[in-house]
Each structure stands twice: as structure tokens, then as C-alpha cells.
Amino acid sequence: MNQITLFDTLENKKKKFEPADPDHVKIYVCGPTTYDDAHIGHARPCIVYDVLVRYLRSIGRQVTYVRNVTDIDDKIIQRANENQEEPEALAARMFESYSTDMTRLWNLSPDHQPKVSEHFDEIRALIQKLIDRGNAYAADGDVYFHVPSHADYGKLSHRKLDDMEVGASERLDAATTRRKKHPYDFALWKGAKEGEPSWESPWGPGRPGWHIECSAMSMKYLGETFDLHGGGLDLVFPHHENEIAQSECATGQCYCRHWMHNGFVQINKEKMSKSLGNFFRLREAFDKNEPEAVRYSLLTVHYRSPFNLEMDLDEEGALLAFPQFRDAEARLEYLYNTKLRYGAIGAKKIKDRDDEVPQEIEAFTERVHTALADDLNTAQAIGHLSLCLKAVNELCDATQGKKGSMSRRSYEEIGKVLQSVEQVLGLGCDDPAAFLDRVRDRRAKERGVEIEWVESCLARRAEARAAKDFAAADAVRDELAARGVEMLDTPQGTSWRLSVQAAV
Ligand SMILES: [Zn+2]
């Protein structure tokens, strides 16, 4: 079995991934703050850790995968006020929206998705423990973690407390500054403010700070020390640094054995933001291309590298296309067409004989596992997939002719390949015909090709062929081809597709 290595942010290098119990891996990933629909920055971590979990399971490891939901937060309260709705109602609605989008991206649901609103007991108990141990103090209804009480503070983000300056995002009002013993002390509990929801606590009514929820919920579901903590690079400091400080001060144990962070997503090489006019929600991308194309596309880039998404806009700044998603969708069409071709091979075509199975097919699963074992190299795994599908199609070509056939061994190996693509990469899990029809119909609509018109052409062609008027049949074919419509004659009848590039 492959030795798994992953880049560890704490040690700042690639290292052997060694779970405490090799047969049961415990993973925690920071999840969404549910105040809006998900965007591409939510999709990336979700897909990265989904592939990690799928891979570990496919090599026989049991995995407990926890991803939290921040359903109490300043942003939620603010947006709910703007919408004139209750914060809980907004958070619940946006959690549903997030879950739907992540499922459409073929991500498996985590084993636990704990919400802050359901873990007040754990959060209050952890804060009390930190106060009792002298690492936290109450001040005017707030509770702060005292950063200098944790000697290792800064070990994850590789900075020293003495060198740190209070950055712009950390500037606080005078009252808060007075309450804090050290400028980097952070809130574990925030005293209630006028017009905000609050909950009872021994320090007065209020609500938890952001960082404490992840320590409380990860340790509840995974124990005081677990194997891997994941999230986006933007969470290293201060969120994860603070998680380590408060957890290790509370337990005296190592909090997490391995820290994994995915790179940023950029749009046309810039940060995505509403002010730059390049902000979009995943749902807008799903209107342009299949959600699975977003998944495929993200997997073509190594998780630690930035992912630069190209976005074509018109002169008014309206969204035209995502070229990378469009290309990824074409690759997926190839995958699903391959599945259809494979599925159409009848029992009579399969022969018991000793052909060599092409290496691209026979070694596929092992090669993908090797790529993923090396710091989750999905880009390389996708490369293996392309070569493998090409080899499968060559075998299908050779099988198609009247006298063509396929060896039983090849047939069985291809079956295993297609299964592992689904299991490990989460690709090709859809119904092939349904996927291809959806893409075709959407493309037809975009290009103004009416489905009824195509169908009437197909009927005319069928009549002409039945009457042996091949010239007329060919004329219909040319008419369709001029608008990018390709016909596929199969034993079940004639189906049609639209070529990826629009016909000129
Ligand atoms: Zn977190």
C-alpha cells in the first residue's frame, strides 16, 4: 500500500500522514458561515477534502469526517437585519442552499455537520475550563483568551507574538481595547449587544466568538487529539492559530496531528469581490455548465496552488462564459459517452481470450492511488483518467465493427476503472444519458437550435432512408451539421448531440 504524504502547514513541509489509528482516520474541516448562497471559494475546500475522504475510504480506511456550520455570526445577524428576517431563519435557509450546491458538486455529506446553535453546552464548558486554568478572563460581560498564556502561540502561522502588530482588521473600539489585557487576546464570549440575539452564560448573556466553536465541536466528535484539520489558507491565521491555542491550553494535549490548507480561488487573477464586479454565486455557474464541470475543473489544479478561474464578460460586465468549466464539461461528455459505449457492449461481443490489457487501463486505479498518496495530486490523477479513457475508446472502436470483439479481461478491467473514477474522484456518478441530454438541451437553447426542429429533421431523414433516397437523407444530415448538430446512429435509433464549438 502507498505511503501517504501530505503537506503539513505546522511543520511547513510535506510529511508522512500518520493517523493515531491507521484504520480509523478522524478529520475536521471548517465549514460555511451560512448567510448567503455558496460561491466558488466554498466549492474548492469541499471538493478537496471530499476527494481525500473518498481516497482514504477506497484504500480501506474508516473515516469520520466532521464539517461544522457557523450559524451564529455577525454576518448572519447583519444580513438578516437587512432582509428583515430572523437570523435563525436566514441561517437555516442558507444551510439548505449550501447543502444542495455541495451535493450537486457530487460531494459526500460529512458524517457530522455540527451547528453552533446546537452546541452551547460544549462551548460554555470549554470557556469555563480555560478560565479555570488561567488562560482566559471575563471582562464586562465578554470573555477573552489571553494569548501570552500559550507559549507556542504563532506556531501554525510561523509568526512570533513579539513581531506581530495589530492589523487593520484587528483594530478595535476603545472600550474593547480597555477590556483586553493584550491586543491579540481574542473573544471567546461576546457580551450581548442591543438588538442582537443572545444566550445565557455564567458571564452574562451573549454569544460565542467564532474560534471557540471549532475547538468545542471538533473535540466533541473526534476527541482531544484528532488526525487532520483542513480549511482554506485564509483560515491559518488567526482562526486556526487560535483554535490550537485554546484547545491545547484546555487539554494539555496536541490538538491536531496534521494541518492541511487549500489555496485561494482567483477570478481573472484577481480576488473575487463584489466591488471588482467579478463576484458570482455557484448557482450562476451551474446555469452555464453542469455542476460536475466545476468539480472536474477544480481537480485539474493541485489543491495547494491558487486556482485562477477565467471569466468572460461582455462590455457591460455581464457574464458570458467560464471557458475552463466549458472545457471540463466537454471532458465529462467524453467520460459519459465512454460509459454509454461500454454499457452497449453485448455479451456476444465479449470473448475469452488472452489479450494484454492496455497499461493505461490495467494500472489505472493504482496510478490514481499513487498520485493521491503524493500530497493529493488530483491534477495527475486527472491526467491518468484522460489516457485511460482514450485507451478504453480504442478498445470500444475495435469492438464496434461487425466482427469486432473485446476480451473478457479487458471488459472486466474497464468496469473496475469506471467504478474507481466514481468512488475516488467523484466523477461520472450521474446517469450518462441524462447528463448528455441536459448538456445538449442547454447548449441548443443557448444557440437557438430548436429541439422540435432537430426532431423533425431526424424524422425526415429516417423517411428518406426508409425510401432509400440517400441523397435526401444526406441533405438533411448536412442541414443539421451546418448548425452544429451531430447524429449518432445506434441500434436503439438515432440520437443527436451538439458539437462543443458553436457552428459558424
Ligand atoms: Zn473553524
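The following legends describe an overview and three close-up views of a predicted model.

**Figure 1. Overall dimensions and secondary structure of the predicted protein model.** The protein has 504 residues, of which 38% count as buried. Its secondary structure comprises 17 helices and 19 strands. The C-alpha trace spans about 90 × 55 × 35 Å along its principal axes. Among contacts with a separation of 6 or more, 74% are made by residues 24 or more positions apart.

**Figure 2. The open sheet β5-β6-β7-β8 and helix α4.** Four strands form this open sheet in the order β5-β6-β7-β8, and their pairing is antiparallel. The edge positions are held by β5 (136-139) and β8 (206-208); each has a single partner strand, so one side of each is left without a neighbour in the sheet. On average, neighbouring strands of the sheet are turned by 20° against each other, direction ignored. Strand β6 (residues 142-145) runs antiparallel to strand β7 (residues 186-191), and three bridges join these two strands. Within this pairing, Y144 has A187 in β7 as its bridge partner. Helix α4 (residues 120-132) packs on the sheet and touches β5, β6, β7 and β8. The direction of α4 makes about 105° with that of β5.

**Figure 3. The β-α-β unit formed by β9, α7 and β10.** Strand β9, helix α7 (residues 236-251) and strand β10 make up this unit, which is right-handed. Strand β9 (residues 226-232) pairs with β10 in the parallel sense, over six bridges. In the view of this pairing, H229 is located opposite W259 of β10. Strand β10 (residues 256-262) is mostly covered, with six of its seven residues buried.

**Figure 4. Packing of helices α16 and α17.** Helix α16 (residues 451-466) packs with helix α17 (residues 470-482) at an angle of about 160°, and the two axes are 8 Å apart. Angles over 145 degrees count as roughly antiparallel, and α16 and α17 are therefore roughly antiparallel to each other. The crossing in which α16 passes α17 is left-handed. On the α16 side, the residues that meet α17 are V454, C457, R460, R461, A464 and R465. Their counterparts in α17 are A472, A473, V476, R477, E479 and L480.

How values were computed: Residues numbered from 1 in each chain as written. Predicted model: local features only at pLDDT ≥ 70, side-chain atom pairs only at ≥ 80, totals over all residues. Buried ≥ 20, exposed ≤ 12 C-beta atoms within 10 Å, placed from the backbone. Pairing = 2+ DSSP bridges. Right-handed = clockwise from strand over helix to strand, strands pointing away. Contact = placed C-beta atoms within 7 Å. Axes fitted to C-alpha atoms, helices over the stretch in contact; angles between N-to-C directions. Parallel < 35°, antiparallel > 145°, perpendicular 65-115°, else oblique. Left-handed = near helix turned anticlockwise from the far one by under 90°.
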